[in-house]
Structure formats: structure tokens, C-alpha cells
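Trainee: I would like a close look at a single part of this protein. Please take the sheet and the core beside it, and then show me how the rest is laid out.

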Amino acid sequence: YDGCGDYIHDTICSSCYSSTPQFQCKDCFGTKLCCHDCIVATHTKNPMHWIQEWRGSYFMTVSLKKLGLCVQLGHPGGAKCLLPKRAFNDDFTLIDTNGIHEIGLDFCGCETAQMHTKQLLHTAWFPATTTDPRTAATFQILEQYHILSFESKCSSYEFYHTIARLSDNTGLYP
């Protein structure tokens with residue numbers, strides 16, 4: 001499971017037939033390898049998936065933000081904004097059911113754009129602050145915590161650290 005499996009001898013991406021396949025998604029179905037462009041393109045609507053890059057003899061987790069994926073808010077269907085506003089210091093953290101993610105995020109900067117908090121809420125992401133939000137939690141993780149706290153009396157501290165361990169169980173990246 002930690003290797004390339006049947007894809008070890010693939011020299012071109014099976015999606016675009018042009019580049020070397022070296023990325024796989026831990027959250028998508030299957031273990032197929034894709035090239036850089038294909039893995040980013042297939043995850044424009046799944047920015048919370050964990051991507052692994054093949055480094056010759058092992059996989060290394062890499063964020064979609066580092067691969068160049070940037071989520072555009074305020075426009076339907078992935079349309080690009082003419083005046084995008086980068087999240088505060090290009091530093092946005094999203095807490096989801098499968099861990100804590102660094103997200104490349106652009107808010108809509110058009111004349112008719114809504115407040116940043118509203119743009120996040122329309123995406124079903126709950127902002128941690130109302131001014132210059134840099135952190136949000138998905139509605140799914142909030143609902144999961146809500147039910148878990150009733151059923152198991154799990155504290156928010158324990159729940160957060162469980163989610164943090166899903167992201168990095170080594171404790172090297174706080």
C-alpha cells in the first residue's frame with residue numbers, strides 16, 4: 001500500500017497522456033497516479049483531500065495549496081473572479097473531518113462582492129473570526145463535533161487534537 005503498486009511502470013499520466021504520473025489522492029477512490037496538472041484539476045471541488053507525491057521510493061504528503069490549487073469564493077461553478085483578493089497574508093486554514101488543511105483561497109473582490117464571512121458561509125465554511133478570517137471549519141466537522149459531544153462527552157480540546165493527529169500524527173508540524 002505504501003508503494004506505487006501496479007502503476008510503478010507508468011511513464012505517462014493515464015488522464016492527459018502527457019506528463020509523468022507522480023501524485024495520488026488518499027481520499028479519492030483507488031490508488032491511480034496522476035500528473036501534477038491532472039491532480040490539481042480533479043481537486044478544484046475537493047480542496048480538502050490529502051495528496052501524496054511519489055519520491056522514487058516513498059510517498060510524501062503535499063498540500064494542494066503547494067501544488068498551486070487556489071479556491072475562488074464568491075462566484076458559482078468555479079468561475080474566476082476578475083478582481084480576486086487573496087486571503088489575509090495568503091494564510092488560510094480549514095478544519096475538516098479528515099484533518100487541518102492549508103488552503104490557497106481568493107475572495108471575490110468585485111464591486112458587488114459580499115463580505116468575506118458571507119462568502120465563506122455560502123461555501124458551508126464557518127469562519128473563526130468576522131474580520132480578515134484566516135481560519136474556518138466546515139459545517140460537516142461542526143456537525144460531527146456536535147453529535148460526538150452529545151454521545152461521548154468529548155471535549156472540544158480532545159476533538160481538535162484528534163483532528164490535528166489526522167493531519168500529522170508525528171507532532172512535527174503543530
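Mentor: Start with the sheet. This is a predicted model, and it contains an open sheet of three strands in the order β1-β2-β3. The pairing is antiparallel. In general, strands of a sheet pair through backbone hydrogen bonds, either parallel or antiparallel.

Look at the edges of this sheet. They are formed by β1, residues 23–25, and β3, residues 59–62. Each has a single partner strand, so one side of each is left without a neighbour in the sheet. From one strand to the next, the twist averages 35°.

Now take one pair. Strand β2 covers residues 51–54. Its antiparallel pairing with β3 runs over four bridges. Find E53, and you will see M60 of β3 standing opposite.

Next, the core. The largest nonpolar core has 13 residues. Which of them touch the most other members? They are F23, I39, I51 and L67. Two elements, β1 and α1 (36–41), give two or more residues to this core. The most comes from α1, with three residues.

Pick L67 and follow its contacts. Leaving aside neighbours within four places in sequence, L67 is in contact with F23, H36, I39, V40, I51 and V62. F23 falls within the range of β1, and I51 within that of β2. V62 belongs to the range of β3. H36, I39 and V40 lie in the range of α1. Apart from this core lies another, of 12 residues. Among them are A87, I103, L120 and W125.

Step back to the whole protein. There are four helices and nine strands. From the N terminus on, the elements run β-α-β-β-β-β-β-β-α-β-β-α-α. The C-alpha atoms fill a box of roughly 50 × 45 × 25 Å along the principal axes. Of the 174 residues, 36% count as buried. Take the contacts with a separation of 6 or more: residues 24 or more positions apart account for 51% of them. The protein exposes about 11,000 Å², and carbon and sulfur atoms supply 55% of that area.

Now go to the helices late in the chain. Helix α3 spans residues 139–152, which is 14 residues. At 1.5 Å a residue, α3 should span 20 Å. Its end C-alpha atoms are 20 Å apart, so the two values agree. Just after α3 comes K153, with a positive phi of about 60°.

Helix α4 covers residues 156–167 and includes L166. Is L166 buried or exposed? The answer is partly exposed, because its relative accessible area is 48%, and buried would mean under 20% while exposed would mean over 50%. L166 and G99 are 67 residues apart along the chain, yet their C-alpha atoms are separated by 5.1 Å. Beyond its neighbours within four places in sequence, L166 is in contact with T97, N98 and G99.

Finish with two loops. Most residues other than glycine have a negative phi. N89 is not a glycine, but its phi is positive, about 55°. Find N89 in the loop between β5 (85–86) and β6 (92–96). N89 is exposed, with a relative accessible area of 59%. A124 also has a positive phi, of about 70°, although it is not a glycine. A124 sits in the loop between α2 (116–122) and β8 (125–127). Its relative accessible area is 29%, so A124 is partly exposed.

How values were computed
Residues numbered from 1 in each chain as written. Predicted model: local features only at pLDDT ≥ 70, side-chain atom pairs only at ≥ 80, totals over all residues. Heavy atoms only, no water. Pairing = 2+ DSSP bridges. Axes fitted to C-alpha atoms, helices over the stretch in contact; angles between N-to-C directions. Core = buried A, V, L, I, M, F, W, Y, C linked by side-chain atoms within 4.5 Å. Buried < 20%, exposed > 50% of the residue type's maximum accessible area, 1.4 Å probe, protein only. Contact = heavy atoms within 4.5 Å. Expected span 1.5 Å × (residues − 1). Areas by Shrake-Rupley, 256 points an atom, 1.4 Å probe, with all protein chains shown as cover.
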